Amino acid sequence: RQSMKKVKFTVLILLILISQTAAMASGEIWTTDFEAAKEKALKEKKDLLLDFTGSDWCGWCVRLKDEVFSKEYFQKEAPKDFILVELDFPRKKKIPEKLAAKNRELAAKYEIRGYPTILLCSPDGVPYGKTGYKAGGPEGYVEHLRSIKKAALQLKEIENELTGLKGIDRARKLDQKLKIAEDLGSRIDQV
């Protein structure tokens, strides 16, 4: 009886190891561990993409996953710029309580009001852009994300340049900043 339990336990452990190895070999690009994602983003000098989703009940979340996140183009291109973090709020499927609590904590911190909410953040978790479902497939969505990132970088550069400017030069720079922010705002909901 004891040896049968040992065999079952060993088989279970092997199945878990095989599934984890298969996930890594398949290039799993999403993580659910926010803290580990921040560390990886800092190390790799990438930004964070936080996907607040209701994976088993939210229609727009399902569409975003089916039309964008599950496509090869997105899976190849998005990780070049972002560490991808799924923060799920399912109703039917169960996730570990510790993970659910962390997801609730992050939703409160970032004031998430609906799903899907996609936040683009610096490696340390400071948000600079917010979006959601967007039609256009994976190519359009990756371009959308990159345009948000580019505009945020331009705004940061202008902010740095403003420190030493006065008078008309400062006014021109502020006007440039306003135009970029307006353009960015017309493409996304800014944080």
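## A hairpin in the sheet

Strands β4 and β5 form a hairpin with five residues between them, and in the turn glycine 125 has a positive phi of about 95°. This hairpin belongs to a predicted model, and the description below starts from its two strands before turning to the chain as a whole.

The two strands of the hairpin run antiparallel, and four bridges join β4 to β5. Within this pairing, cysteine 121 stands opposite proline 127 in β5. On the β2 side, strand β2, which covers residues 47-53, also runs antiparallel to β4 and is joined to it by five bridges. There, leucine 49 stands opposite leucine 120 in β4.

## How β4 is covered

Is strand β4, made up of residues 117-121, mostly covered or mostly open? The strand is mostly covered, since five of its five residues are buried. In a regular strand the side chains alternate between the two faces of the sheet. In β4, Thr117, Leu119 and Cys121 lie on one side and Ile118 and Leu120 on the other, and the residues on both faces are all buried.

## The whole sheet

The strands come together in an open sheet of five strands, with the order β1-β3-β2-β4-β5 and mixed pairing. Strands β1 (30-31) and β5 stand at the edges and have a single partner strand each, so one side of each is left without a neighbour in the sheet.

## The chain as a whole

The secondary structure of the chain comes to seven helices and five strands, and, read along the sequence, these elements follow the pattern α-β-α-β-α-α-β-α-β-β-α-α. Among the contacts between residues at least 6 apart in sequence, 69% join residues that are at least 24 apart.

The chain has 191 residues, and buried residues make up 36% of them. The area that the chain exposes is about 12100 Å², and carbon and sulfur atoms supply 56% of this area.

## Two residues and their polar contacts

Threonine 131 has its place in strand β5, which covers residues 127-131. Does this threonine count as buried or exposed? Threonine 131 counts as buried because its relative accessibility is 11%, and the cut-off for a buried residue is under 20%. Its side chain makes a polar contact of 2.8 Å with the side chain of histidine 144.

Glutamate 97 has its place in helix α5, which covers residues 97-109. With a relative accessibility of 53%, glutamate 97 counts as exposed, because the cut-off for an exposed residue is over 50%. The side chain of glutamate 97 is joined to the side chain of arginine 104 by a polar contact of 2.7 Å.

## The largest pocket

Rolling a probe the size of a water molecule over the atoms shows where empty space is left. In this model, the largest pocket has a volume of about 350 Å³. The lining of this pocket comes from 13 residues, and of these Ser122, Tyr128, Ala152, Leu153 and Lys156 lie nearest its centre.

Which element gives the most to the lining of the largest pocket? Helix α6 does, with five residues. Both β5 and α6 (137-162) supply at least two residues each to this lining, and strand β5 is thus part of the pocket wall as well as one of the edge strands of the sheet.

Definitions and conventions: Residues numbered from 1 in each chain as written. Predicted model: local features only at pLDDT ≥ 70, side-chain atom pairs only at ≥ 80, totals over all residues. Heavy atoms only, no water. Buried < 20%, exposed > 50% of the residue type's maximum accessible area, 1.4 Å probe, protein only. Polar contact = N/O pair within 3.5 Å; in protein donor to acceptor, adjacent residues only side chain to side chain. Contact = heavy atoms within 4.5 Å. Areas by Shrake-Rupley, 256 points an atom, 1.4 Å probe, with all protein chains shown as cover. Pairing = 2+ DSSP bridges. 1 Å grid on protein atoms, 1.4 Å probe; cavity = no way out; pocket = protein on both sides within 12 Å on 5 of 7 lines; lining within 4 Å. Points joined across faces, edges and corners; volume = space filled by probe spheres on them.
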